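This report walks through one protein model, from overall shape to single residues. Please have the sequence and the coordinates to hand.

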Amino acid sequence: GQIVNTAQVVSTQVPTPVTDTETTPITQTASLTLDKQAPTGVLTVGSTITYTVVATNSGNTTQTTVVVSDPMLSPTSTTCATLAPGGTCTLTGTYVVTQADVDAGQIVNTAQVVSTQVPTPVEDTETTPIAQTPALTLDKQAPTGSLTVGSTLTYVVVATNSGNTTQTNVVVSDPMLTPSSATCATL
């Protein structure tokens with residue numbers, strides 16, 4: 001935070017040095033920035049995606065014990081012992097897409113960086129969109145064999161969630177059957 005500079009003068013007649021010291025203050029700015037880069041492409045349940053989180057020393061002093069963290073990633077953090085001005089500390093981690101992410105249509109993920117000099121977390125949040133394709137298919141299976149008047153027929157009607165999002169309040173119905181409908185709370 002300062003430059004301490006001492007000058008001296010001597011001569012034949014003044015052999016003992018005469019000194020003068022000047023202290024010039026330097027304003028110290030401890031600052032960190034964070035950039036989290038989100039993956040691109042088509043994401044599905046079970047996709048493993050890689051995030052890169054880059055902390056940069058944007059101040060003019062060396063930072064110590066720089067910790068970049070993201071609780072959703074594996075690994076969850078990395079530590080750089082020192083980080084010179086302009087230097088970077090990078091966390092590269094993976095995340096596996098869940099059904100809850102697809103149902104939400106996005107992954108919202110926040111990373112942070114702290115250091116000894118910047119103890120208040122600096123955060124960056126990335127929202128990674130996931131395309132939702134809700135779809136249902138229906139298959140009705142007719143009975144086989146000989147049919148006569150008065151025969152009781154049993155039909156099987158199967159609805160399948162053929163999309164990538166969880167469906168709710170799915171109602172399968174056929175007015176000719178008894179019972180005429182069935183409801184699935186989630187599918």
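The text below covers the fold, the surface, the disulfide, two charge-over-ring contacts and some unusual backbone sites.

## Overall architecture

The model is predicted. Its secondary structure comes to 1 helix and 13 strands. Along the sequence the order is β-β-β-β-β-β-β-α-β-β-β-β-β-β. The radius of gyration is 34 Å, well over the 16 Å that the globule rule gives for 187 residues, so the protein is more spread out than a compact globule. The C-alpha trace tells of its dimensions: about 135 × 20 × 20 Å along the principal axes.

How much of the protein is buried? Of the 187 residues, 24% count as buried. The exposed surface is about 11,600 Å². Carbon and sulfur atoms supply 54% of that surface.

Contacts can also be sorted by sequence separation. Take those between residues at least 6 apart in sequence: 50% of them join residues at least 24 apart.

## A distance along the chain

Glutamine 28 and methionine 176 give a sense of the spread. They are 148 residues apart in sequence. In space, their C-alpha atoms are 81 Å apart.

Glutamine 28 sits in the loop between strand 2 (18-25) and strand 3 (32-37). Is glutamine 28 buried or exposed? Its relative accessible area is 54%, over the 50% cut-off, so glutamine 28 is exposed. Leaving aside neighbours within four places in sequence, glutamine 28 is in contact with Gly1, Asn60 and Thr61.

## The disulfide and the cysteines

The structure holds 1 disulfide. Cysteine 80 and cysteine 89 form it, with their sulfur atoms 2.1 Å apart. Which hand does the disulfide have? The torsion about the S-S bond is about 90°, so the disulfide is right-handed.

Both partners are covered. Cysteine 80 has 18% relative accessibility and counts as buried. Cysteine 89 is buried too, with a relative accessible area of 1%. The buried cut-off is under 20%, so the 18% of cysteine 80 falls within it. Cysteine 184 is partly exposed, at 34% relative accessible area.

## Rings and charges

How many aromatic pairs does a search of the whole structure find? The search finds 0. Two tyrosine rings do have a lysine over them, as the table shows.

| Lysine | Ring | Distance to ring centre |
|---|---|---|
| Lysine 36 | Tyrosine 51 | 4.6 Å |
| Lysine 140 | Tyrosine 155 | 4.7 Å |

In the first row, lysine 36 lies over the face of tyrosine 51. In the second, the charged end of lysine 140 sits over the ring of tyrosine 155.

## Strand 5 and the loop after it

Strand 5 covers residues 63-69 and includes serine 69. At 17% relative accessibility, serine 69 counts as buried. What does serine 69 touch? Not counting residues up to four places away in sequence, its contacts are Thr76, Ser77, Leu91, Ala111 and Gln112.

Threonine 65 also lies in strand 5. Its relative accessibility is 42%, so threonine 65 counts as partly exposed.

The loop between strand 5 and strand 6 (77-83) holds proline 75. A cis peptide bond joins serine 74 to proline 75, with omega about 0°.

## Backbone exceptions

Most residues other than glycine have a negative phi, and most peptide bonds are trans. Several sites here depart from that pattern.

Where are the positive phi values? Threonine 65 has a phi near 45°. Asparagine 169 has a positive phi of about 50°, although it is not a glycine. Asparagine 169 lies in strand 12. Its relative accessible area is 58%, so asparagine 169 is exposed.

A cis peptide bond also joins threonine 178 and proline 179, again with omega about 0°. Proline 179 is in the loop between strand 12 (168-173) and strand 13 (181-186).

Methods:
Residues numbered from 1 in each chain as written. Predicted model: local features only at pLDDT ≥ 70, side-chain atom pairs only at ≥ 80, totals over all residues. Heavy atoms only, no water. Helix = DSSP H or I, 4+ residues; strand = E, 2+ residues; numbered from the N terminus. Rg over C-alpha atoms; globule rule 2.2 N^0.38 Å. Buried < 20%, exposed > 50% of the residue type's maximum accessible area, 1.4 Å probe, protein only. Contact = heavy atoms within 4.5 Å. Areas by Shrake-Rupley, 256 points an atom, 1.4 Å probe, with all protein chains shown as cover. Phe/Tyr/Trp six-rings, centres within 6.5 Å; stacked < 30°, edge-to-face > 60°. Lys NZ or Arg CZ within 6 Å of the ring centre and 35° of its normal. Disulfide = S-S within 2.5 Å.
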